[in-house]
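Trainee: Please take me through one pocket of this model in detail. I would like to know what lines it, and then to hear about some of the loops.

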Amino acid sequence: MALSLISRGTYWLLFTCVIFASHPCNGFYLPGSYMHTYSTRDEIYAKVNSLTSIETELPFSYYSLPYCTPSGGIKKSAENLGELLMGDQIDNSPYRFRMNVNESAFLCTTHPLSEHEVKLLKQRTRDLYQVNMILDNLPAMRFANQNGLKVQWTGFPVGYTPPNSDDDYIINHLKFKVFVHEYEGTGVQIFGTGEEGMGVISAAEDEKKASGYEIVGFEVFPCSVKYEPEKMAKLHQYDEVPSVNCPLDLDKSQIIREQEKISFTYEVEFVKSDIKWPSRWDAYLKMEGARVHWFSILNSLMVIFFLAGIVFVIFLRTVRRDLTRYEELDKESQAQMNEELSGWKLVVGDVFREPSNSKLLCVMIGDGVQITGMAVVTIVFAALGFMSPASRGMLLTGMIILYLFLGTGAGYAGVYLWRIIKGTSEGWRSLSWSIACFFPGIVFIILTVLNFILWGSKSTGAIPISLYFIILSLWFCISVPLTLLGGYLGTRSEPWQYPVRTNQIAREIPARKYPSWLLVLGAGTLPFGTLFIELFFILSSIWLGRFYYVFGFLLVVLLLLVVVCAEVSVVLTYMHLCVEDWQWWWKAFYASGSVSLYVFLYSINYLVFELQSLSGPVSAILYLGYSLIIAVAIMLATGTIGLITSFCFVHYLFSSVKID
């Protein structure tokens, strides 16, 4: 039943609990994540992820550029489904660290750069590509001064181009600062898997003590240094070299040009820190603009109170008053009243007439239930801290797995609505197949087109053929059977019965001064006003490489969005019934579902004004393709919320009307 039917006392109690439960709103991760403890002089090797750029959004392999390779060869790290889909490619690297040993070491000297390598290095430099390095599962952090402010970044640039210059310079010397915390405590009891693992620190029965050092911070300061190739050619990997003060003069920096031999070096300094293991990600997840998030929530609350007031007036004053007057009259007076009055009471014989394209509507509702369930469960788990940022790709992997297993709910909801509309379960198999293929089919087509573009660009963001077959196998082996199972269960449940009979001849809808779709499109602005501020932070995290981990705020915004969508659809449905428009099914769906149009338009606005540096049509097509997938998912989810709420409202409204 619609939220507006809940008593005011229960509503306020529920809402207060949600607010207080989400009060911290500063997403956290399980502090018991499995830690690595090192002894002095233990060797630790850094790893490298794909090169990324906010200019192109096309990731490339680290070793696509002429960097030093490990002596034992390049080895890829095991990656989960989410990492592969995000274009991550984590490889080993020659950067070696020895715990608590400060050193400055030589890596290698490249062969003379070819024309192709120079062109590639210059292109990556001018496209602002970043090298993403990882030590003990912590990304390298870099601090830079920008307009007088200290800005935090992850990774470091491939190179740089001085102002008013056509020359490019490569970053070939890295100064690392590794923060370590001395650990003394009991053993760690592991209860999960993965590179970072999941565990809890517990007191062992024998109270066996463990000690060592934990890595709690990883900073890098990059610079470009010109070395003498003849002198560096005599050195071997990890030979000691003098410490370097990063030069400010361009003539002492390493230029990128043909036949240049580039020498790579690094130095590392270990610094003891009071930061403990559970808090080591705080520097990355530091929340900026908390007041903006709270403003977004308060803004949404004002919209909810405004709409709740309208719904309150509809129920307790208009509807109740009309029903009371209608029921107090005798049959003769009711007949006379029907001739004199207009409004929703006159469409009693048409309000439950089958909508046009009813099968498509049931398919979209089924997929909407599946997407809504996936979003709610994922955000709740993330807000509770189960989606650790240390486990890359875990969020996307969890969403995909949830979507697959929620196929049962999708099949059940779609077939159940089909039986309500049709009064029969005939054709439920075809409907279940359509539900299983509709939204995944849209996503598959868009991703295939984008994947051909990525393949043409030789980007690591392209989905491998093997992964395509894995995803298709998961789809057909898990999602499709579960959707068919849900459809079968839907045929076995008892559907709601319409409270009134439908006339054989449809009632003519009076002409209106303005088209009804204008009102439907306008209704989408209210749900959009609830989420657009949070949408800005989410888009920034996706396209500008920032961490988004304020899932507490996101959970509150999601709950507010559900309430607003429900209220908007109820109000709009009532308005259409009052003007004797009984074709409310699709209007109720798009009243709240039209928010997706504004989300997509806002994405275009974000592309034009926030991603001004995005270069080339390929990057823009990728951005718009992914934005279209998000918009379709939001349309199905919000439209489903609106239609289900409106159906409950209409069913309740006309079940109170006595008809012979």
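Mentor: The pocket comes first, and two loop residues follow.

This is a predicted model, in which local features need pLDDT of at least 70 and side-chain atom pairs count only at pLDDT 80 or more, while totals for chains, interfaces and linings use all residues. Residues are numbered from 1 along each chain as its sequence is written, and side-chain values use heavy atoms, with hydrogens and water left out.

The second largest pocket has a volume of about 610 Å³ (the space filled by probe spheres set on grid points joined across faces, edges and corners). Its lining holds 27 residues, and those closest to the centre are Val220, Phe221, Pro222, Cys223 and Cys246 (a pocket is an open set of points on a 1 Å grid over the protein atoms alone, where a 1.4 Å probe fits, with protein on both sides within 12 Å along at least five of seven lines; lining residues have an atom within 4 Å of a point). Two or more lining residues come from each of β7 (141-146), β10 (159-160), β12 (173-186), β15 (209-223) and β16 (263-272) (strands are DSSP E runs of at least two residues, numbered from the N terminus). Among these, β15 gives the largest share, five residues. By class, 16 lining residues are nonpolar, eight are charged and three are polar (Ala, Val, Leu, Ile, Met, Phe, Trp, Tyr, Cys and Pro count as nonpolar, Asp, Glu, Lys and Arg as charged, the others, Gly among them, as polar).

One of the lining strands, β10, also borders a loop, which runs between β10 and β11 (169-170) and contains Asn164. Phi of Asn164 is near 55°, which is positive although the residue is not glycine. Most residues other than glycine have a negative phi. Because its relative accessibility is 88%, Asn164 counts as exposed (exposed is over 50% relative accessible area, buried under 20%, partly exposed in between, with a 1.4 Å probe and protein chains only).

A second asparagine, Asn100, has a phi near 65°, again a positive value in a residue other than glycine. Asn100 sits in the loop between β2 (91-98) and β3 (103-109). With a relative accessible area of 25%, Asn100 is partly exposed.

Conventions:
Helix = DSSP H or I, 4+ residues; strand = E, 2+ residues; numbered from the N terminus.
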